[in-house]
Amino acid sequence: MIEILKKQWFVVLIAVILITFAVFSIWDTNKGKLKGKSVDGKDVIASVADQNIFADDIFESIKTTSANSYLYQKFQDAVANEAIETTDDIKSEAKLQQEQTEEYFKTNDPTNYKTTLQSQLEAIGYSDLGEYCLTSTKVQKLLSNYMDEHMDELFTPIYKDKNGRIVSHILIMMKDSSNPTDEEKAKVENVDKALKEGKSFADVAKEYSDDSSAETGGLIGYSDEDSNLVEAFKKKALSLKKGEVSDWVKVSSDNYQGWHKITVLETDKDAIMKYEDDADTVKNQLYQAIMTANENLDKKIVWEAAKKLDITYGSDDIKKQLMDYMEIKE
């Protein structure tokens with residue numbers, strides 16, 4: 001999963017969209033079937049003092065929100081399908097996303113993943129995952145094209161505010177980071193010795209690191225204050241200057257135990273944007289950072305693309321409904 005997040009920034013969003021719409025479908029199907037307290041024939045899902053919260057009110061709110069989401073999803077898909085050409089590269093990327101989305105669902109529900117995935121596809125108006133992934137790939141291309149064209153404008157404020165840099169590390173996994181075994185201590189000493197002898201950080205990471213990033217010389221990639229990293233690791237990584245190598249950072253978390261050696265490969269803004277080592281990973285991380293920092297950027301991009309197309313709306317109300325949901329004012 002880490003590698004999927006690292007290299008395919010859009011694929012998990014596909015799964016999340018599927019799950020979101022499926023939740024509404026399940027709730028709507030079960031409306032009126034809740035067991036428990038009822039008042040005047042209405043199901044009560046909660047009571048606070050003498051105030052009841054009725055299931056009908058919740059379902060109506062969900063229905064309105066989901067209808068707007070569904071409308072926007074179809075609008076976005078239509079714009080992307082019209083604006084982005086179906087090239088061989090697009091087809092290849094869509095196939096990869098299809099395989100990774102299937103793997104995502106299979107990992108979470110090995111027994112029923114096919115049925116679950118199909119029902120969730122149907123809940124948003126698709127019968128075929130391949131078709132859905134092709135459209136989603138075009139959406140991804142629409143977004144990334146825009147971000148590429150406006151990279152300096154979009155990335156500069158993030159870089160200034162969030163202390164952006166390119167980070168690499170060496171991880172020695174341990175059973176207990178506060179009490180390493182003799183074998184674990186030996187690995188730590190081997191890393192220190194190799195670095196002291198002048199071996200490159202990347203080569204030492206490839207030889208000794210227990211993290212999957214070892215194959216790329218320990219590259220974590222772009223990181224800043226918003227990055228989803230263990231706090232001790234992130235604090236140290238953000239404190240280093242370019243070329244500095246940290247002391248060992250001890251991590252004890254629910255996910256793993258271990259010691260990290262960290263270095264910063266780049267801190268210059270322009271160099272980060274043009275970073276060449278494992279360039280796809282870094283570029284995808286920049287996209288993620290930009291999208292995180294600009295909550296409605298995806299909707300703005302879709303709207304800008306839509307204005308260049310010949311779109312006929314069923315009514316002014318539908319157009320207004322879309323614009324309200326996208327928070328677009330013109």
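A polar contact is a pair of N or O atoms within 3.5 Å, where, within protein, one atom must be able to donate a hydrogen and the other to accept it. The views below all come from a predicted model.

**View 1. Ser209 and its surroundings in the loop between α9 (201–208) and β5.** The side chain of Ser209 reaches the backbone nitrogen of Asp211 at 3.3 Å. Because its relative accessibility is 11%, and buried means under 20%, Ser209 counts as buried. When neighbours within four places in sequence are left aside, Ser209 is in contact with His169, Ile170, Leu171, Val204 and Ala214. The view also takes in His260, which is 51 residues from Ser209 along the chain, with 9.1 Å separating the C-alpha atoms of the two.

**View 2. The open sheet of 4 strands, in the order β5-β4-β7-β6.** The pairing in this sheet is antiparallel. Since β5 and β6 stand at the edges and each has a single partner strand, one side of each is left without a neighbour in the sheet. Neighbouring strands are turned against each other by 35° on average, direction ignored.

**View 3. The hairpin that joins β6 to β7 through 4 residues.** Strand β6 (residues 249–252) and strand β7 (residues 257–266) run antiparallel and are joined by 4 bridges. Among the bridge partners, Ser252 is matched in β7 with Gln257, while Val251 is matched in β7 with Gly258. In a regular strand, side chains alternate between the two faces of the sheet. Strand β6 shows such an alternation, for Val249 and Val251 point to one face and are buried, whereas Lys250 and Ser252 point to the other face and are not buried.

**View 4. The largest nonpolar core, with 37 residues.** The residues with the most contacts inside this core are Phe75, Leu142, Met147, Phe155, Tyr222, Leu297 and Met326. The elements that each give two or more residues to the core are α3 (55–83), α6 (129–149), α7 (151–162), β5 (219–223), α11 (269–273), α12 (279–293), α13 (297–306) and α14 (316–326). Apart from this core lies another, of 12 residues, among them Ile172, Val188, Ala205 and Trp248. In soluble globular proteins, nonpolar side chains tend to be buried together.

**View 5. Leu297 and the residues in contact with it.** Leaving aside neighbours within four places in sequence, Leu297 is in contact with Tyr146, Met147, Leu154, Ile290 and Met291. Of these, Met147 is listed, as Leu297 is, among the residues with the most contacts inside the largest nonpolar core.

**View 6. Gln76, a residue of helix α3.** With a relative accessibility of 8%, Gln76 counts as buried. Not counting residues up to four places away in sequence, Gln76 touches Val139 and Val302.

**View 7. Confidence along the protein chain, including residues 1–35, where pLDDT stays under 50.** The mean pLDDT of the chain is 84, and 80% of its residues reach 70 or more. Among the elements of the chain, helix α1 (residues 2–7) has the lowest mean pLDDT, at 40, and α9 has the highest, at 98. For residues 1–35 the model has 83 contacts beyond four places in sequence. Over residues 45–49 the pLDDT is likewise below 50, and this stretch has 9 contacts in the model beyond near neighbours in sequence. Where pLDDT is low, the predicted coordinates should not be read in detail.

Key
Residues are numbered from 1 along each chain as its sequence is written. Side-chain values use heavy atoms; hydrogens and water are left out. A nonpolar core is a set of buried Ala, Val, Leu, Ile, Met, Phe, Trp, Tyr and Cys residues joined through side-chain atoms within 4.5 Å. Buried means under 20% relative accessible area, exposed over 50%, partly exposed in between (1.4 Å probe, protein chains only). Contact means heavy atoms within 4.5 Å. pLDDT is the predictor's confidence in each residue, from 0 to 100. Two strands pair if DSSP finds at least two bridges between them. Axes are lines fitted to C-alpha atoms, for helices over the stretch in contact, and angles run from 0 to 180 degrees between N-to-C directions.
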